[in-house]
Every structure is written in C-alpha cells, then in structure tokens.
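Q: I have a structure in front of me and would like to learn how to read its charged pairs and its buried positions. Could you take me through them step by step?

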Amino acid sequence: MKHVIMIRTMTIMKTADILKAMDITEQLANEVGFLPRDCLFLRLATEEACTNAYEYCQKTGRLPFRIFWKMDTTQFTIIVKQRGGCFSVAKTDGVNTGPRGRGLQLIAHIVDDVYVKRTGNNVLLCMCKCKKNE
C-alpha cells in the first residue's frame, strides 16, 4: 500500500474558486517535485475538469462540487466529485472540429491515467500523474 503524504480538499461554489483550485494544483505539484512544465499542464487539467463540472452543476442545480488532491511518493491524483450521471473518458487521437468537447481529451493526454467512477449519487473524475525519476 502506498504511503499518502498529503491530502487536501476544497468546495467549488463559484468561478473564482476554480482559479484558487488551479493555484493549489500548481503549488502542490511544485512542492512534490514536478517539473514546471508538468505543473502548468496539471493546472490546465484542473481548469478543464472544474470548468466542466461547474457548467454541468450550474445548469442542473447541483452546485457546489468538490475537488480533492492526493499525493504520495510516486503519484499526484486530482479528483473532482460532483452529483450527477456518469460520463465517458476515452483517449482518442481523432480531431474534434466542433466548438466544444475537447477538455476531456486534453486531460486524457496530460495525465497518465484518467477514469470516471460512480459512487452513490456522485461521479468522480480521477486524474493521476506519475512522478518521473529524472
């Protein structure tokens, strides 16, 4: 079993909270030793995941939602937990030319593992990035 060295959580109620969550992601990724480029990409993944959740929750009257950060010695995990139905995240190399719908694909290419898990009335978007020994 992996030794968890840090867990943090935040409730997202308004768009300004998404900016705070992005800052927290970048700060924590930096603290656990990710390269600046990876910190920036994890910040972007956080923005995409939180914006998707915020738009869905606002439209369906299910605000707020939560974001969790878990770090251990080898991996950084960001979890966005919202009330609602499950959705699919499948990595594809196809080009989306529509006006929307690229966020989940972007996330899938940024992190090493991304999956959706249903727990009761909630759905969790889990994004994991492994630390590389460089």
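**Reading salt bridges and burial**

A: Let us begin with burial: this is a predicted model, and in it Asp17 has a relative accessibility of 5%, so it counts as buried, the cut-off being under 20%.

Q: With which residue does Asp17 form a salt bridge when the closest N and O atoms are 3.6 Å apart?

A: The general idea is to look for a side-chain nitrogen of Lys or Arg within 4 Å of a carboxyl oxygen of Asp or Glu. Here the partner of Asp17 is Lys14, with 3.6 Å between the closest N and O atoms. Lys14 itself is partly exposed, its relative accessible area being 43%, whereas Asp17 is buried.

Q: Which residues are linked with Lys14 in a network of salt bridges?

A: A salt bridge can be read as a pair, but pairs may also join up. In this model Lys14, Asp17 and Lys20 are linked in such a network.

Q: How many salt bridges does the structure hold?

A: The structure holds four of them. One of these is formed by Asp23 and Arg43, whose closest N and O atoms are 2.7 Å apart. This pair links distant parts of the chain, since Asp23 belongs to helix 1 (residues 15-31) and Arg43 to helix 2 (residues 36-60), with their positions 20 residues apart in sequence.

Q: Is Arg43 buried or exposed?

A: Arg43 counts as buried at 19% relative accessibility, because buried means under 20%. Its partner Asp23, at 43% relative accessibility, counts as partly exposed.

Q: Which other side chain meets Arg43 in a salt bridge, at 3.0 Å from N to O?

A: That side chain belongs to Glu26. This pair, too, links distant parts of the chain, with Glu26 in helix 1 and Arg43 in helix 2, 17 residues apart. Glu26 counts as partly exposed, at 28% relative accessibility.

Q: Where is Thr46 found, and what is its relative accessible area?

A: Thr46 is found in helix 2, and it is buried, with a relative accessible area of 0%.

Q: Which residues does Thr46 touch, if those up to four places away in sequence are not counted?

A: A useful habit is to set sequence neighbours aside and then look at what remains. For Thr46, the residues touched are Ala21, Met22, Thr25, Ile67 and Ile78. Distance in sequence and distance in space can also be read side by side: Thr46 and Leu19 are 27 residues apart in sequence, while their C-alpha atoms are 9.3 Å apart in space.

Methods
Residues are numbered from 1 along each chain as its sequence is written. This is a predicted model: local features need pLDDT of at least 70, side-chain atom pairs count only at pLDDT 80 or more; totals for chains, interfaces and linings use all residues. Side-chain values use heavy atoms; hydrogens and water are left out. Buried means under 20% relative accessible area, exposed over 50%, partly exposed in between (1.4 Å probe, protein chains only). Helices (H or I, at least four residues) and strands (E, at least two) are DSSP runs, numbered from the N terminus. Contact means heavy atoms within 4.5 Å.
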